[in-house]
Amino acid sequence: METMPEEQNINIEQPEWRPVPPELKEGLSTAGLSKARLRSWLLVLEARGIPCRGEQYAAGWLLLVPVSHYRQACRELSEYEQENRNWPPAPPVARRLHENTASTIWVLILLAVFHNLVVQHGNPFGSASLNWLDAGNADALKISQGQWWRAVTALTLHSGPLHLAGNIIVGGLFSVRLCWLLGSGSAWFLILCSGTFGNLINALLQAPDHRSIGASTAVFGAVGLLATINMLYHRLGLWRRWPLPLAAALGLLGLLGSSGENTDLGAHLFGFGCGIVLGLLWGKLFPPQLTANRLLSYVLAVVSVGLLSGSWWLALNH
């Protein structure tokens, strides 16, 4: 029997195509590639002009390259994996939501009860009737003369049941979500502040005879707050889509905040803008672990109640 030369034996035993191991190191590996990694590696090698092909077997997928291109393929793939080792970025850590639906419902109930008191000209402090609308509306002239508390008290007044119901329904939806994210005390404090600042700016820019009432300034403040907080909390996962929350909020402002004969567009717009500014400040100044602090939420809840009570005390004594 004739024996073939040694060089011929080598040519016959050495395969023409060699599998690239997942570890990208010398030596054969029994582990297979996932289909997603196979696709990405095929694209890398094809972009570099290296012949390659994929084959499926029992343990997964194999990436095959010619023996003559094996070392170059491993080098290119190693560089690719090194450059992309932290990509895609990890999704943002899920925030713990605060179950505060009950607190929002109670706030809205108190707003409705107070409206009934206003309509009846009720006076819990005596027998004489009170004209709550005259005492607490956002009178532009009086606010410019120093009666700043009207910017707060006007948020609790409504012209009728439909006005009240609209603010309760729309405002309740956004307030509940904001309370879930920040806690009820923090959320309601920011909503109150955005509505107050919105009324102040609106009064200073309107004609002296301008008057307004309603919680809608605070409602659109809540819309701006929610859009901004969502944008900040999810900016890593939505880095290409961060304008979406603000665009949705602007669409809602145009849909609900600019229609109606007695709609105060300025108050809605400034409330929305103040909500955005306060949301940015809050997101930058307070880290998530401090936002979830119950003591902070309780303190801000007390401050909010004090601001409302103090503003009405000033309104009824001037």
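**Aromatic rings and their neighbours**

Start with two rings in this predicted model: Phe 114 and Trp 132 are both buried. They form an aromatic pair, with 5.2 Å from centre to centre and 80° between the planes. That angle makes the pair edge-to-face, because the cut-off for this class is over 60 degrees. Now look at where the two partners come from. Phe 114 belongs to helix H4 (residues 101-119) and Trp 132 to helix H5 (residues 132-136), so this contact ties together parts that are 18 residues apart in sequence.

Stay with Trp 132, as there is another ring to visit. Trp 132 also pairs edge-to-face with Trp 312, at 5.1 Å centre to centre and with 75° between the planes. This time the link is between distant parts of the chain: Trp 132 sits in helix H5, while Trp 312 sits in helix H14 (residues 294-316), 180 residues apart.

How buried are these two tryptophans? Trp 132 has a relative accessible area of 4%, so it counts as buried. Trp 312 comes out at 10% relative accessibility and is therefore buried as well, since the cut-off is under 20%. Put the pieces together and you get one aromatic cluster made of Phe 114, Trp 132 and Trp 312. For the wider picture, the structure holds 4 aromatic pairs, among them Phe 114 with Trp 132 and Trp 132 with Trp 312.

Rings also meet charges here. Arg 18 places its charged end over the ring of Tyr 70, 3.9 Å from the ring's centre. Over the face of Trp 17 you'll find Arg 53, at 4.6 Å from the ring centre.

Key
Residues are numbered from 1 along each chain as its sequence is written. This is a predicted model: local features need pLDDT of at least 70, side-chain atom pairs count only at pLDDT 80 or more; totals for chains, interfaces and linings use all residues. Side-chain values use heavy atoms; hydrogens and water are left out. Rings of Phe, Tyr and Trp (its six-membered ring) pair if their centres lie within 6.5 Å; planes under 30 degrees apart count as stacked, over 60 as edge-to-face and the rest as tilted. Helices (H or I, at least four residues) and strands (E, at least two) are DSSP runs, numbered from the N terminus. Buried means under 20% relative accessible area, exposed over 50%, partly exposed in between (1.4 Å probe, protein chains only). A charge sits over a ring if NZ of Lys or CZ of Arg is within 6 Å of the ring centre and within 35 degrees of the ring normal.
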